[in-house]
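Student: Could you walk me through this structure? I have not looked at it before, and I would like to take it piece by piece.

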Amino acid sequence: MGLEEFLLSLPVGFVPWPEIAAKAGVSLQRARHLAQALKERGYPVLLTDQGVGLAQDAPAPQFLLPRLRGRLGSPYRYLGRVTTTQDVLKGWRGAPEGALVVAEEQTRGRGRCGRSWLSPPGNLYLSLLLFGPAPKLLALRVGLALAEAAGFGLLKWPNDLMSPDGRKMGGILIEAQGNRLFVGVGVNVECAPLPQSAALREFRPVRRVDLLAEFLRALEEWLVRPPSAVLSAWRDVNCTLGREVRVQTGKGVVQGVAEALGDAGELLVRTEGGLRIVSAGDVILGAPQNIIDPQKG
Ligand code: BTN
């Protein structure tokens, strides 16, 4: 029996060695060796003299796959420590639409705008394959699915998941190669790796496998909703409009008040020099301003 099969044979919770060895059809010694090897590869395996167990919330295939109802999430690769799930997915030859890679840790997690994404154990790191052409407003759709799966939090333009007190809990990176779209999502579930970030569990108990299943379910729905529904839902859960913003764009900094979301998902910023249209960039939020959102009437 190989490592992957042994991993799949592990139930939630703790199992005595004789039981898991019998279930896997291997000797006690081989069972211990396989469990140790999984742990060394970054899987959340709890080992004691008495037995072995997978972390209760591990997004292992045997817990995730029975939860999936749609086409997203299958086939599924669940990995321990990787460089970045984005590159693992890009290197997965012949992967069909809906293919999913999840890792327990990333050593070279990538963020938007050339930043890195710190990826310690305990959080959720996933990459999902979609085929183009991308639906309009894809970035907003993915953000809405994430906010819905988390069950709380607000979206900072375009799709950062923020805690109610304004710290970043999750981020989305969409990369394209030809007609393949790699939707990368990182969520701080257990661990907030930076002072300005937050973890979901500071606010409520969350199991990563539940969060992942909910995200895939929600995304499937958001992918086919009409653009008008996406724009209106985003406006309802955003924490950007009506705030002072400083946006780092490819062409420099745009500073002003985030006044509205355009129909193509762009941010309209009222600056001293007039209205500026920002279609990509990184937002730093400032103080709320007293403006009337023309889209809310
Ligand atoms: C951001 O900067 O807000 C986007 C962060 C995206 C991080 C996720 S974690 C899973 C996937 N793999 C990566 O290397 N990046 C994305």
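Tutor: Let us begin with L137, which is buried, since its relative accessible area is 11% and the cut-off for buried is under 20%. Please keep in mind throughout that this is a predicted model.

Student: Okay, and where does L137 lie?

Tutor: L137 lies in the loop between strand 6 and helix 6. Its phi is near 65°, which is a positive value in a residue other than glycine.

Student: What about C113, is that one buried or exposed?

Tutor: C113 counts as exposed, because its relative accessibility is 52% and the cut-off for exposed is over 50%. C113 is found in the loop between strand 5 (100–106) and strand 6, and although it is not a glycine, it has a positive phi of about 55°.

Student: Changing topic: which peptide bond leading to P133 is cis, and where is P133?

Tutor: The bond from G132 to P133 is cis, with omega near 0°, and P133 has its place in the loop between strand 6 (124–131) and helix 6 (138–150). The peptide bond from S74 to P75 is also cis, again with omega near 0°, and P75 is found in the loop between helix 4 (61–64) and strand 4.

Student: Now the helices. At what angle do helix 2 and helix 3 pack?

Tutor: Helix 2 (residues 17–24) and helix 3 (residues 28–40) pack at an angle of about 95°, and their axes are 9 Å apart. That makes helix 2 roughly perpendicular to helix 3, because angles of 65 to 115 degrees count as such.

Student: Which residues meet there?

Tutor: From helix 2 there are W17, P18, I20 and A21, and they meet L28, A31, R32 and A35 in helix 3. By class, this contact of helix 2 with helix 3 has 7 nonpolar, no polar and 1 charged residues.

Student: And the sheet, in what order do its strands come?

Tutor: The order is 1-3-2 in an open sheet formed by 3 strands, and the pairing is antiparallel. Strand 1 (13–16) and strand 2 (45–47) are the edge strands, each of which pairs on one side only. If direction is ignored, neighbouring strands of this sheet are turned by 20° against each other on average.

Student: How many bridges are there between strand 2 and strand 3?

Tutor: Strand 2 and strand 3 (residues 51–54) pair in the antiparallel sense over 3 bridges, and the bridge partner of V45 in strand 3 is L54.

Student: Which strands does helix 2 lie across, and which does helix 3 touch?

Tutor: Helix 2 lies across strand 1, strand 2 and strand 3, and it runs at about 85° to strand 1. Helix 3 packs on the sheet, where it touches strand 2 and strand 3, and its direction makes about 130° with that of strand 2.

Student: Last thing, how many aromatic pairs are there?

Tutor: The count comes to 3 aromatic pairs. One of them is formed by Y43 and Y78, which are edge-to-face, with 5.2 Å from centre to centre and 65° between the planes. This pair links distant parts of the chain, as Y43 is in the loop between helix 3 and strand 2, while Y78 is in strand 4 (residues 76–82), 35 residues apart.

Student: Are Y43 and Y78 buried or exposed, and what cluster do they belong to?

Tutor: Both Y43 and Y78 are buried, and together with Y76 they form one aromatic cluster.

Terms used
Residues are numbered from 1 along each chain as its sequence is written. This is a predicted model: local features need pLDDT of at least 70, side-chain atom pairs count only at pLDDT 80 or more; totals for chains, interfaces and linings use all residues. Side-chain values use heavy atoms; hydrogens and water are left out. Axes are lines fitted to C-alpha atoms, for helices over the stretch in contact, and angles run from 0 to 180 degrees between N-to-C directions. Helices (H or I, at least four residues) and strands (E, at least two) are DSSP runs, numbered from the N terminus. Angles under 35 degrees count as roughly parallel, over 145 as roughly antiparallel, 65 to 115 as roughly perpendicular and the rest as oblique. Contact means heavy atoms within 4.5 Å. Ala, Val, Leu, Ile, Met, Phe, Trp, Tyr, Cys and Pro count as nonpolar, Asp, Glu, Lys and Arg as charged, and the others, Gly among them, as polar. Two strands pair if DSSP finds at least two bridges between them. Rings of Phe, Tyr and Trp (its six-membered ring) pair if their centres lie within 6.5 Å; planes under 30 degrees apart count as stacked, over 60 as edge-to-face and the rest as tilted. Buried means under 20% relative accessible area, exposed over 50%, partly exposed in between (1.4 Å probe, protein chains only).
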